[in-house]
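Biologist: I am new to this structure, and I would like a close look at a single part of it. Could you take me through the largest nonpolar core, and what goes with it?

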Amino acid sequence: MQTSTRDRIVVATARLLQRQGYVGTGIKQIATESQATLGSIYHFFPGGKEAVAVAAIRHGDQEFAALLKGALDRAPDPAEAVMSCTRALAAGLKESGWVDGCPVTAAALETLGTDSELQKACADALNSWERLVRDKLLGCGFPADDARELATTVISAIEGAEVTAQVNRSEEPLLAAGRQLARLIGSYGIDTPRR
């Protein structure tokens, strides 16, 4: 199946943002990486670099949400689901040579303190991932307040562990975070279905 020019631009931009951040990514580099002309980029994204970056962040959000949802859906036990997710992230990060971390981290950090569309897209992504975890916990019988706080803790810990894994070029920070998050989730003593 052939990818549309717009999709190539979005995917290439997502990878560039993931690897080098928003500031480090130029519009000409996006054109080169996506094998598109500058005219095509501005045709699809009249708002220029920020507009294509917002689309790329949304794409990265969907990619990570699919990985997270897959892990959460495969394991009835939320503790096992979180460990499954961190194992998958660790394997993917190692396979990428430690460059393909979180699709929003670099852009999120670069937009702190702003009220830009890019910052809003990063916040939306993080919030959507928290909702996926919260919904899993609610479905397993966790009280609403605990599910909300645990979901925030899970996503925050995974984000931090992923950066630490990249910096150290080691899977262990993600694997350790998964084990400890599973222990935390299990400490609530809620009976969850097991396979």
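Modeller: What follows describes the core, after a short note on how the values were obtained. This is a predicted model, in which local features need pLDDT of at least 70 and side-chain atom pairs count only at pLDDT 80 or more, while totals for chains, interfaces and linings use all residues. Residues are numbered from 1 along each chain as its sequence is written, and side-chain values use heavy atoms, with hydrogens and water left out.

A nonpolar core is a set of buried Ala, Val, Leu, Ile, Met, Phe, Trp, Tyr and Cys residues joined through side-chain atoms within 4.5 Å, where buried means under 20% relative accessible area with a 1.4 Å probe, protein chains only. The largest such core holds 47 residues, and those touching the most other members are Ile-57, Leu-68, Trp-129, Val-133, Leu-174 and Ile-185. Two or more of its residues come from each of α1 (5-20), α4 (49-74), α5 (78-95), α6 (105-110), α7 (117-139), α8 (144-168) and α9 (172-186); helices here are DSSP runs of H or I with at least four residues, numbered from the N terminus. The largest share, nine residues, is given by α4.

Taking Ile-57 by itself, and leaving aside residues up to four places away in sequence, its contacts are Leu-17, Pro-103, Val-104, Ala-107, Leu-118, Ala-121 and Cys-122, contact meaning heavy atoms within 4.5 Å. A second, separate core has eleven residues, among them Ile-27, Ala-31, Ile-41 and Phe-45.

How values were computed
Buried < 20%, exposed > 50% of the residue type's maximum accessible area, 1.4 Å probe, protein only.
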